[in-house]
Amino acid sequence: MRSQILGTGHYLPAPVRTNDDIAKMVDTSDEWIRERTGIRERRIAPPEVQNSDMAAAAAKSALEAAGVAPSEVDLIIVATVTGDHLMPATAVLVQQKLGAPNCPAFDISAACAGFVYALTIADSFIATKRARRVVVVGVELLSRIVNWQDRGTCILFGDGAGAVVVGPQEDSSESASAVLGTSIHTDGSLAPSLIIPAGGTAKPVTSEILALAENKVFMRGQDIFKVAVKNLTSTCKEALTNGALDVEQVDWLCSHQANLRILDQVAARLGIAPEKVLTNIERVGNTSSASIPILLDENVRAGKIKKGHTVLMCGLGAGISWGSALIRL
Ligand code: ACO
């Protein structure tokens, strides 16, 4: 049995941090950030807002759009690398905030590929009839794990959440809404290139580690950039093959928003016209697991992505993990 997306939602915290704001904190400039990444500003959650608050707000909005009551939800999957706690999973806090009693709820960690991974899991639960109403959330509070003294990373990230509700396909005709094809991959050999070295069990936090900021994001940006274009292109081709569609049939490329230069190159290699490439990186930066569902929902609500449109989603991040999903809305 195929699955389909029944509704979408997102949440962005109100406070904006511009490139000029960051240029007061580290040696950088609005011009460098815009030219090298495409980012102008990003949202930063205020101290009282937690990851699970943003996730629950996005999930509520997706449930309303889908016309599904929280009591009908039978699985919650939260993709995040910035959960409220190391234990328990953020998904259990989201379950409580949604009022979705007794359904299983768990997190998955695949960084910027997290949403595609979570959607693939939801699709499998529905295909095997293990669930009928799955809430899939991508959420990140990256501003709290970024080293605000490292200009190589602090310019990139923002906070936010996006969500979809997934259910069994309601109509099995050729042109019906469906998750048409997915593809996920991991190459652990690049794990050291994008990592939070300390704070887990390998290196518990000490005052020395705090002084060295080893509990914050460390990234070799060039290492990731080099594989991103190649791997995102190949995973998109796999999702197209799995979904039995040609690239000409894709209405929108709704990719993870890491860098405009990566997006442009992936679209060019796939042969997707620039006007089909959706972006919001200039306003929200890189929100990791949250970026694809935020972009999806913004464009659904703006009326740009319409019922029947095919959308190709893809993401790559820490792991490195990458993947794609081809859907018809
Ligand atoms: N402002 C000014 N100069 C800077 C800045 C900055 N913010 N950051 C780096 N520089 C300097 C460097 O020091 C370097 O100077 P040097 O030549 O004197 O040594 C120069 O700019 C070039 O640095 P690079 O790191 O080579 O810059 P690059 O063009 O690669 O851009 C970036 C860096 C934007 C991080 C890019 O590599 C990138 O986007 N990488 C991919 C990131 C990604 O996709 N991550 C995965 C998702 S994130 C996740 O999973 C959580």
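1. A word on residue classes before we start: Ala, Val, Leu, Ile, Met, Phe, Trp, Tyr, Cys and Pro count as nonpolar, Asp, Glu, Lys and Arg as charged, and the others, Gly among them, as polar. On that scheme, the shell around the ligand divides into 14 nonpolar, nine polar and four charged residues.

2. Please keep in mind that this is a predicted model, where local features need pLDDT of at least 70, side-chain atom pairs count only at pLDDT 80 or more, and totals for chains, interfaces and linings use all residues. Residues are numbered from 1 along each chain as its sequence is written, and side-chain values use heavy atoms, with hydrogens and water left out.

3. Now to the ligand. It is surrounded by 27 residues (a residue is near a molecule if one of its heavy atoms lies within 4 Å of it). The closest are Thr-28, Arg-36, Cys-112, Gln-222 and Asn-259. H7 gives the largest share of this shell, four residues; helices here are DSSP runs of H or I with at least four residues, numbered from the N terminus.

4. Two side chains come within 2.7 Å of a ligand oxygen atom: Arg-36 through an N or O atom, and Asn-259 through a polar atom. For Arg-261, the corresponding distance from a polar side-chain atom to a ligand oxygen is 3.2 Å.

5. Finally, have a look at Ile-262 in helix H8 (residues 260-270). Its relative accessibility is 10%, so Ile-262 counts as buried (under 20% relative accessible area, with a 1.4 Å probe and protein chains only). Beyond four places in sequence, Ile-262 is in contact (heavy atoms within 4.5 Å) with Phe-225, Ala-228, Val-229 and Leu-232.

Conventions
Helices (H or I, at least four residues) and strands (E, at least two) are DSSP runs, numbered from the N terminus. Buried means under 20% relative accessible area, exposed over 50%, partly exposed in between (1.4 Å probe, protein chains only). A polar contact is a pair of N or O atoms within 3.5 Å; within protein, one must be able to donate a hydrogen and the other to accept it, and residues adjacent in sequence count only if both atoms are side-chain atoms.
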